[in-house]
Amino acid sequence: RMVAAVLAGLSLLSLLTCGYLAWGSRRGDAGEAPGNLLGEEPAAGAPRSQPHIIFILADDQGFRDVGYHGSEIRTPTLDKLAAEGVKLENYYVQPMCTPSRSQLITGKYQIHTGLQHSIIRPTQPNCLPLDNVTLPQKLKEVGYSTHMVGKWHLGFYRRECMPTQRGFDSFFGSLLGSGDYYTHFKCDSPGICGYDLYENDNAAWDHDNGIYSTQMYTQKVQQILASHDPGKPIFLYIAYQAVHSPLQAPGRYFEHYRSINNINRRRYAAMLACLDEAINNVTLALRKYGYYENSIIIYSSDNGGQPMAGGSNWPLRGSKGTYWEGGIRAVGFVHSPLLKNKGSVCKELVHITDWFPTLITLAEGQIDEDIQLDGYDVWETISEGRRSPRVDILHNIDPIYTKAKNGSWAAGYGIWNTAIQSAIRVNHWKLLTGNPGYSDWVPPQAFSNAGPNRWHNERVSWSAGKTVWLFNITADPYERVDLSARHPEVVKQLLRRLSQFNKTAVPVRYPPKDPRSNPKLNGGVWGPWFKEDEKKKKSDKSKGANKQKKSKNKKKAN
């Protein structure tokens, strides 16, 4: 009991504070922009009211996989940008690609868009529901030019789902979740393969020059910045494919990592090194073309790393695709000359849904009263070190994920069926139910051999039938001490909160495969296949058939 009391006390103290780290930087007292590594500084000028917004989303970057988290992989650009900005060290995303991207662009939890299960598959007639207003749409309303470069992964089965129909003035990138970095081809299953590189609404065959996607996307960003007027606000969403599998990188980026025996980790390191250089080049372009002084750069990973594909989340538990901290606690920071507390570390609670209201407010936009957001405006929390307005996060409720065999209403005190996969954070407490996924801790030495070696992993064995876990995350961020048996009242409180959230959930959107999605039927390209005309013809035919049946039935009755 004394240990539990100490843990609770420590967590409360940590929750009430936002830690700051004083960095010995090259900035002067006036807060000049950083120097040589990221380019020469333009003449200082008064910042305009609407800032340029650059949101950089990395793919599958592990929590440990950045220099300032102790990685052996060198990330000098990320380290410098973060050190001279604000590091977000209590920052959460979702455990997979589509969920994080949908919550970023709508400010809503998955249970409120119907995308609470898994990801959108290439062959599914599914996309981010069209009745959801998006971040770029709101920014366009207040005069922003909006551009997206990189990975979409929010569905494309019909034309209305495409990025250019969801608020972006231009789009250059891929529609699917992964693909070859050089050829831009993707096979979803044997024989179901196609090309996946788009410019706006058409396949970008002209850009198929075998250029590595990280470098190709960076070149496109440079072109956009060079052609845009820095006197007008721009929203640039750069969703890099790296460091998602397949593990591919140009040869020269392997130079510093030949000592890494594990081939997956070595390739992953080379990919991250290339990504770090790409972000340096983006920052150089912001300076060169006159954007930097009035810009806000946000960097985030979309989910935790995948150890079997080279990623490391140490010392956090679990991996991508799980609701352990290793799947949802992300690398994130904000870098901007407009920040008031530069060189600080914020330990206040921040979630990926918070960017929607935060950025719209910064852009002097309006959030409609009828939009039920799950995000909060956290700019003052980040820039000035104030308390976060957020006290909880619904990590997710997935009613169709594989049920835990021994879960029951009884195990959930009659409040919640613990067979259902769910996770919630309230203040310093975190509750998980159902099957939360792969739960090992994977230390750095797990990557010491040529192939994956799970002997080095730390594993926890729990009694058969366990379907509820409770952790004090503030005091125990590595989820090593399950407190569910010690604090049943806290468990009940969090289960009630889950139940309240679940009452607001919309039905899950996870349709079966549609054979019409095969790229062979679409010129060898992954792209929209659903035609509204076909739907109308089918409905007309079915209506006609129904009329005929009715008339026949009437005759029989007569």
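**Exercise 1. Find the loop that holds Pro 315, then work out the geometry of the peptide bond leading into this residue.**

Solution. Start with the flanking elements: Pro 315 sits in the loop that runs between strand E11 (295–301) and helix H7 (325–328). This is a predicted model, by the way. Next, check the bond from Trp 314 to Pro 315: it's cis, with omega near 10°.

Now try another cis bond. Ala 242 and Val 243 are joined by a cis peptide bond, and omega there is about 10°. As for its place, Val 243 belongs to the loop between strand E10 (234–239) and helix H6 (263–288).

**Exercise 2. Decide whether His 153 and Glu 479 are buried or exposed, and look up their phi values.**

Solution. Take His 153 to begin with. You'll find it in the loop between strand E4 (145–151) and strand E5 (170–174). Its phi is near 55°, which is positive in a residue other than glycine. The relative accessible area of His 153 is 4%, and buried means under 20%, so His 153 is buried.

On to Glu 479, located in the loop between strand E18 (468–472) and helix H10 (488–502). Glu 479 isn't a glycine, yet its phi is positive, about 55°. With 0% relative accessibility, Glu 479 counts as buried.

**Exercise 3. Describe the second largest pocket: how much space does it hold, and what lines it?**

Solution. Volume comes up front: about 310 Å³. The lining takes in 20 residues, and those closest to the pocket's centre are Ile 119, Arg 121, His 153, Gly 177 and His 244. Spot His 153 in that list; that's the residue with the positive phi from Exercise 2. Finally, sort the lining by class: nine residues are nonpolar, seven polar and four charged.

**Exercise 4. Work out how helices H2 and H6 cross, and which residues meet.**

Solution. Two packed helices are described by the angle between their axes and the distance between the axes. For H2 (residues 76–83) and H6, the axes come within 7 Å and cross at roughly 55°. H2 is therefore oblique to H6. For the contact itself, H2 brings Pro 76, Thr 77, Leu 78 and Leu 81, while H6 brings Asp 276, Ile 279, Asn 280 and Thr 283. By class, that contact has four nonpolar, three polar and one charged residues.

**Exercise 5. Explain why helix H8 (residues 355–362) can be called largely enclosed.**

Solution. List the buried residues of H8: Trp 355, Phe 356, Pro 357, Thr 358, Leu 359, Ile 360 and Leu 362. That's seven of the eight residues in H8, so the helix is largely enclosed by the rest of the structure. Following H8 you meet Glu 364, with a positive phi near 65°.

For the wider setting, the chain has eleven helices and 18 strands. Of its 558 residues, 57% are buried.

**Exercise 6. Is Arg 258 buried or exposed, and what does this residue touch?**

Solution. Place it: Arg 258 is in the loop between E10 and H6. Its relative accessibility is 57%, and exposed means over 50%, so Arg 258 counts as exposed. Set aside neighbours within four places in sequence, and Arg 258 is in contact with Gly 251 and Arg 266. To close, gauge a distance: Arg 258 and Ala 270 are twelve residues apart in sequence, and their C-alpha atoms are 9.7 Å apart.

Conventions. Residues are numbered from 1 along each chain as its sequence is written. This is a predicted model: local features need pLDDT of at least 70, side-chain atom pairs count only at pLDDT 80 or more; totals for chains, interfaces and linings use all residues. Side-chain values use heavy atoms; hydrogens and water are left out. On a 1 Å grid over the protein atoms alone, a cavity is a set of points where a 1.4 Å probe fits but cannot get out, and a pocket is an open set with protein on both sides within 12 Å along at least five of seven lines; lining residues have an atom within 4 Å of a point. Grid points are joined across faces, edges and corners, and a volume is the space filled by probe spheres set on the points. Ala, Val, Leu, Ile, Met, Phe, Trp, Tyr, Cys and Pro count as nonpolar, Asp, Glu, Lys and Arg as charged, and the others, Gly among them, as polar. Helices (H or I, at least four residues) and strands (E, at least two) are DSSP runs, numbered from the N terminus. Buried means under 20% relative accessible area, exposed over 50%, partly exposed in between (1.4 Å probe, protein chains only). Axes are lines fitted to C-alpha atoms, for helices over the stretch in contact, and angles run from 0 to 180 degrees between N-to-C directions. Angles under 35 degrees count as roughly parallel, over 145 as roughly antiparallel, 65 to 115 as roughly perpendicular and the rest as oblique. Contact means heavy atoms within 4.5 Å.
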